[in-house]
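I am opening a notebook on this structure and will write down what I look up, entry by entry.

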Amino acid sequence: MSATLLRASTLRAALRAAPVASSKRAGLVGATFVRGKATLPDLPYDYGALEPAISGKIMELHHKMHHNTYVNSYNQAAEKMAEAQSKEDIKAQIALLPLINFHGGGHINHTLFWENLAPTSQGGGKPPSGALAKAIDDGYGSLDTLKEKFNTALAGIQGSGWAWLVQDTQTGKIAIKTYANQDPVVGQFRPLLGIDAWEHAYYLDYQNRKAEYFKAVWNVVNWKAAEKRFQ
Amino acid sequence: MDAKPAQFHLPPLPYAYHALEPHISRQIMELHHTKHHQTYITNLNAALQTQATAMSTSDLATQISLRAAITFNGGGHINHSLFWLNMAPASSPDTKTSSAPTLTEAIIRKWGGEKEFKDAFSKALLGIQGSGWGWLVKQEGAKESSLTIVITKDQDPVVGAGQVPVLGIDMWEHAYYLQYLNGKAAYVENIWNVINWKVAEERYLGAQADAFKVLKASM
Ligand SMILES: [Fe+2]
Ligand SMILES: [Fe+2]
């Protein structure tokens, strides 16, 4: 599957997910859900293509099992949400929000994450260029300093979560932020580059040595995807 | 000025690393105990040392900034110390609920039956979003105590007033991933085979301080 197709399916997923977060548009949500469901996007590379940084076994489980569970659970929650909305049951809608946030967030995060990675033969590990490279130099002095700070943020996550390079939509500046569990990057910040710090993302290869995973993953980071998201 | 706080040490397991097989593999138990639990202790000791220094110099800002590290790593030490004792080899008579007559009676009073309790507990465990623990907690009241299922996130420990952690189950992915991969429902189903009901009964009959005796022993 081409990168263009993946982007298109990501966009469709994001569009479908968007109304859920906005209670003002609640009336539209039922119709939006009936029309289509979130689907698991194909990876733009083979499961084994990121080795040795990330094994084929991890990639396959992570994509086919973990991500797919988020997709299915999100669709189930979305269906229940549509039902609660059609009944104008506000209590039931509010009760469903954590599930929408968790599973919808899991779908959004992993979809962005797959794009953030690439085999070295497809540009994985190649430093960023252009405006994003300049923003990194301006903000952090160098790419190496950014990676160091990013890895410190990853290592400091207490529990499951993600670290993201984000862009502040108000100031245009970039920043490193961590998010708990599957909380997605929404609102004031735009996700540029995310690294999954859940144990399932590295445990089969690295076990408790997560610092080694955080170091190795940069060899397969696709900065082109981050550049495209940067505005 | 060189304040020296007590240092915590890794408590030994009361059974061999392979003793919980086939329900929990030797590899998981060994990594979980010697690496994960040890890391919480190492980081806790470091945070407590920094805190002792901050207290001796009345450095309030540093004391407050250390709270998250102490909760996380101290919680990790408390939770795992309690967890190891909550398990026993499946062949041990302690894994039969008949080893916990008083607790079982209270469970049946509250949930209607042992199966109903296990179903409710398992459902709560599988509903955790992210890393965390599920606990059966005795809440001591003025007149009588009650049982509840409590979910705590990350390494938050059960240390509220009058709360006794009777039984805890680790739902971090490191607790099952090498063996069960994404199949956490199978982990939850199987762990019931290695629950030490005798210890659960003792904790249920005791007070909060009794449950935490294991921590004093590992200082
Ligand atoms: Fe993940
Ligand atoms: Fe653990």
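**Entry 1. A recorded span in chain A**

How much of residues 128-229 of chain A is helix and how much is strand, and how far apart are the end C-alpha atoms? I looked up the span and found 41% helix and 23% strand, with the end C-alpha atoms 12 Å apart. I note that I am working on a predicted model. I chose these limits because they come from a UniProt record, whose positions may be inferred rather than shown by experiment. That record, an unreviewed entry, lists residues 128-229 of chain A as "domain: Manganese/iron superoxide dismutase C-terminal".

**Entry 2. Chain A as a whole**

I counted elements next and got 9 helices and 3 strands in chain A. Along the sequence they follow the pattern α-α-α-α-α-α-β-β-β-α-α-α. Chain A has 231 residues, and 52% of them are buried. I then took the contacts in chain A between residues at least 6 apart in sequence, and 67% of these join residues at least 24 apart. The exposed area of chain A is about 10,800 Å², with 55% of it supplied by carbon and sulfur atoms.

**Entry 3. The iron ion of chain A**

Which residues coordinate the iron ion (ligand 1)? I found A:His62, A:His110 and A:His200, each through NE2, and A:Asp196 through OD, at 1.9 to 2.1 Å. Their spacing along the chain reads H-x47-H-x85-D-x3-H. I followed one pair further: A:His62 sits in helix H3 (residues 56-86) of chain A and A:His110 in helix H4 (residues 90-116) of chain A, 48 residues apart, and the pair links distant parts of the chain. I checked both for exposure, and A:His62 and A:His110 are buried.

I also looked at the geometry. The 4 donor atoms of the iron ion (ligand 1) make angles of 90 to 136 degrees, and the site is irregular. Four donors count as tetrahedral if all angles lie between 85 and 135 degrees, so the upper angle of 136 degrees keeps this site out of that class.

**Entry 4. The iron ion of chain B**

I repeated the search for the iron ion (ligand 2). The donors are B:His32 (NE2), B:His80 (NE2), B:Asp170 (OD) and B:His174 (NE2), at 1.9 to 2.1 Å. Here the spacing is H-x47-H-x89-D-x3-H. B:His80 is in helix H3 (residues 67-85) of chain B, while B:His174 is in the loop between strand E3 (163-170) and helix H6 (177-180) of chain B, so this pair ties together parts 94 residues apart in sequence. Are these two buried or exposed? B:His80 is buried at a relative accessible area of 0%, and B:His174 is buried at 1%. The angles among the 4 donor atoms of the iron ion (ligand 2) run from 89 to 136 degrees, and I wrote this site down as irregular.

**Entry 5. A recorded span in chain B**

UniProt, in an unreviewed entry, lists residues 7-88 of chain B as "domain: Manganese/iron superoxide dismutase N-terminal". I found that span to be 68% helix and 0% strand, with its end C-alpha atoms 27 Å apart.

**Entry 6. Salt bridges**

How many salt bridges are there over all chains? The count comes to 12, and I noted three of the pairs below.

A:Lys37 pairs with A:Glu79, and their closest N and O atoms are 2.7 Å apart. A:Lys37 is in the loop between helix H2 (26-35) and H3 of chain A, and A:Glu79 is in helix H3 of chain A, so the bridge ties together parts 42 residues apart in sequence. A:Lys37 is partly exposed at 45% relative accessibility, and A:Glu79 is partly exposed at 47%.

A:Lys134 pairs with A:Asp138 at 2.8 Å between the closest N and O atoms. Both are in helix H5 (residues 130-140) of chain A, 4 residues or about one turn of the helix apart. A:Lys134 is exposed at 52% relative accessibility, as is A:Asp138 at 55%.

In chain B, I found the side chains of B:Glu105 and B:Arg109 in a salt bridge of 3.5 Å, N to O. They are 4 residues apart in helix H4 (residues 101-111) of chain B, about one helical turn. B:Glu105 is exposed with a relative accessible area of 52%, and B:Arg109 is exposed with 62%.

Conventions. Residues numbered from 1 in each chain as written. Chains lettered and ligands numbered in written order. Predicted model: local features only at pLDDT ≥ 70, side-chain atom pairs only at ≥ 80, totals over all residues. Heavy atoms only, no water. Donors = N, O, S within 2.8 Å, 3.2 Å for Na, K, Ca; no water. Tetrahedral: all angles 85-135°; square planar, octahedral: opposite > 155°, others 65-115°. Helix = DSSP H or I, 4+ residues; strand = E, 2+ residues; numbered from the N terminus. Buried < 20%, exposed > 50% of the residue type's maximum accessible area, 1.4 Å probe, protein only. Contact = heavy atoms within 4.5 Å. Areas by Shrake-Rupley, 256 points an atom, 1.4 Å probe, with all protein chains shown as cover. Salt bridge = Lys/Arg side-chain N within 4 Å of Asp/Glu carboxyl O.
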